[in-house]
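Biologist: Before I trust the labels on this model, I want to see each one set against its rule. Shall we go through them?

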Amino acid sequence: MKGRIDMGISLDGLSSGLDTTSLITQLMTAEAAPQNLLKTQVTTSNTMISALQGLNTRMATLADSATAAAKVGSLDLYSATSSSPALTVAVATGASAGELQVVVSALAQSQVGVSAAMAAWPSPSTITIVGHSGTPLEITPASNSLDDVASAINSSTAGVTATKVASGVDGSGTKLYRLQFSSKTSGAASSFTIYQGSAADVAGGTATNVLTAPGSAMIKTAQDASVTLWKGTSAEQVITSSSNTFTDLLPGISITASAVAAGPVNIAVTRDDTKIAAVAKGLVDSISSAFVLIAAQTAVSTTTDASGKSTTSAGIFAGDSNIRDIRQKTLDAASAPINGHSPSEYGIVLTRTGTITFDPDKFAAALVADPTTVMAAVQTIATRIATVATAASDKYDGALTNQIRGDQSQVKNLGDQISAWDVRLASRKSTLQRTYSAMEVLLSNMKAQSAALTSQLSSLSTSTTTR
């Protein structure tokens with residue numbers, strides 16, 4: 001049986017024969033019309049919020065790329081080449097065009113030496129390491145065990161590592177080992193001397209130099225890398241480095257040696273027009289990305305339903321003055337003249353359809369003809385765009401950010417109204433159910449009374465006839 005309410009009373013056809021459930025449903029549909037309008041507003045607002053967030057992200061990306069391009073020196077981009085694989089070159093900030101001839105005289109290396117073969121460290125076990133500075137460091141291992149000696153050295157601040165290496169057996173079959181000592185860094189300043197004995201023994205000349213004792217060996221001596229500039233001229237100069245990398249030969253250039261090269265190696269640093277063009281193109285691409293999204297969310301579309309009826313609707317951004325203002329300001333920032341010259345002269349072109357495109361050939365030609373003016377123009381455009389894009393997307397007070405917050409607040413308010421309508425509609429439905437239930441009960445009672453009266457009248461009529 002349908003239409004049963006919380007009271008446990010069935011409404012439909014109880015006495016009236018009416019479809020009261022259908023009647024209540026129709027009445028509630030009419031009552032819910034204002035709430036449905038609110039729900040439609042929520043859907044529309046959420047669609048708008050999603051579109052605004054997408055645009056805000058693209059404008060923030062544009063702000064970041066424009067801000068980076070606007071920084072002083074951002075277009076001082078260079079590439080460097082080396083005429084020999086013995087030298088590799090890397091470009092950093094502050095580079096400038098130039099050329100240099102270098103002869104690689106030596107590579108940097110750390111010191112490596114090994115002790116004589118032994119089963120255990122001789123007594124006394126105290127070790128003193130004297131570094132390049134001449135300051136002794138006294139180390140006392142836990143025992144004469146070579147493992148303890150190596151551990152004590154490795155945990156010290158001497159800048160030396162010790163490794164136990166197998167070295168055969170002696171005449172009695174006892175296993176022998178050598179300790180290999182290595183400086184942790186390269187360069188002449190990493191040299192060291194290992195002594196068996198205390199610092200006082202070293203000072204008194206009675207300590208044993210482990211690396212010159214019988215059976216020991218110096219595998220590598222500590223040395224700096226060295227290169228010679230202008231070799232064979234009166235200006236010849238030797239430059240050294242504790243590593244194989246030289247960072248002060250040319251401004252903003254790091255040069256790393258991997259092999260000795262007796263002949264001169266040519267280092268050339270030139271302006272990298274490809275990288276500069278990439279910065280300008282990236283800026284234009286970021287603008288285009290934002291414009292493409294705005295166009296997609298503004299476009300008018302036509303749909304056809306099953307009956308063949310066409311419906312035309314505009315995008316969510318259509319008619320939004322804030323979006324229109326942001327787009328126009330961005331367009332102006334990218335296309336406005338610079339010192340009387342249009343950006344299109346430098347390959348940043350405003351099209352007839354109101355978009356910005358990048359002409360790589362035109363940009364390259366302009367850069368070759370007048371690099372200073374072109375790079376200054378790109379930075380001016382970047383500065384203007386950074387201002388506009390930041391004003392639109394700033395996470396605290398950007399125009400788009402504020403619009404998103406406003407729409408989110410509206411959605412919350414609409415949600416509260418919808419919840420209030422839920423309570424109101426539930427109360428109204430309950431009232432209708434009680435009303436129709438009471439009506440059915442009343443009709444049922446009236447029918448019962450009518451049946452009783454009819455029965456009584458029938459009895460009276462029969463009685464009169466009998467007499």
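Modeller: Start with two rings: phenylalanine 358 is buried, and so is phenylalanine 363. This is a predicted model, where local features need pLDDT of at least 70 and side-chain atom pairs count only at pLDDT 80 or more, while totals for chains, interfaces and linings use all residues. Residues are numbered from 1 along each chain as its sequence is written, and side-chain values use heavy atoms, with hydrogens and water left out.

Biologist: What makes phenylalanine 358 and phenylalanine 363 a tilted pair?

Modeller: Rings of Phe, Tyr and Trp (its six-membered ring) pair if their centres lie within 6.5 Å; planes under 30 degrees apart are stacked, over 60 edge-to-face, and the rest tilted. The centres of phenylalanine 358 and phenylalanine 363 are 5.3 Å apart, and their planes meet at 50°. So the rings pair, and the pair is tilted. The count by this rule is one aromatic pair.

Biologist: Why is leucine 146 called buried?

Modeller: Buried means under 20% relative accessible area, exposed over 50%, and partly exposed in between (1.4 Å probe, protein chains only). Leucine 146 has 4% relative accessibility, so it counts as buried. It lies in helix H3. Helices (H or I, at least four residues) and strands (E, at least two) are DSSP runs numbered from the N terminus.

Biologist: Which residues does leucine 146 touch?

Modeller: Contact means heavy atoms within 4.5 Å. Leaving out residues up to four places away in sequence, leucine 146 touches Met118, Ala119, Ala120, Trp121, Lys164, Tyr177 and Leu179.

Biologist: Which residues of helix H3 are buried?

Modeller: Helix H3 covers residues 146–154, and its buried residues are Leu146, Val149, Ala150, Ala152 and Ile153. Down the axis of H3, these fall within an arc of 160°, an arc taken over the directions from the helix axis to the C-beta atoms. So they line one face of the helix. They pack against strands E5 (127–131), E6 (136–139), E7 (160–169) and E8 (175–183).

Biologist: What happens at the start of H3?

Modeller: A side-chain oxygen of serine 145 comes to within 3.2 Å of the backbone nitrogen of aspartate 147. A polar contact is a pair of N or O atoms within 3.5 Å; within protein, one must be able to donate a hydrogen and the other to accept it, and residues adjacent in sequence count only if both atoms are side-chain atoms.

Biologist: Why do lysine 164 and aspartate 147 count as a salt bridge?

Modeller: The rule asks for a side-chain nitrogen of Lys or Arg within 4 Å of a carboxyl oxygen of Asp or Glu. Here N to O is 3.2 Å, so the side chains of lysine 164 and aspartate 147 qualify. The pair links distant parts of the chain: lysine 164 is in strand E7 and aspartate 147 in helix H3, 17 residues apart. Lysine 164 is partly exposed at 32%, and aspartate 147 is partly exposed at 45%. The count of salt bridges is seven.

Biologist: What makes the charged end of lysine 164 sit over the ring of tyrosine 177?

Modeller: The test needs NZ of Lys or CZ of Arg within 6 Å of the ring centre and within 35 degrees of the ring normal. The charged end of lysine 164 is 4.4 Å from the centre of the tyrosine 177 ring and sits over it. Arginine 424 has its charged end over the ring of tryptophan 421, 4.2 Å from the centre.

Biologist: How many residues apart in helix H6 are lysine 329 and aspartate 325?

Modeller: Four, in a helix of residues 321–335, so about one helical turn separates them. Their side chains form a salt bridge at 3.2 Å, N to O. Lysine 329 is partly exposed at 44%, as is aspartate 325 at 35%.

Biologist: Why is aspartate 272 called buried?

Modeller: Its relative accessibility is 13%, so it counts as buried. Its salt-bridge partner is lysine 275, with the closest N and O atoms 4.0 Å apart. Lysine 275, at 40%, is partly exposed.

Biologist: What joins the side chains of asparagine 56 and threonine 401?

Modeller: A polar contact of 3.5 Å. Asparagine 56 lies in helix H2 (residues 33–70) and counts as buried at 14%.
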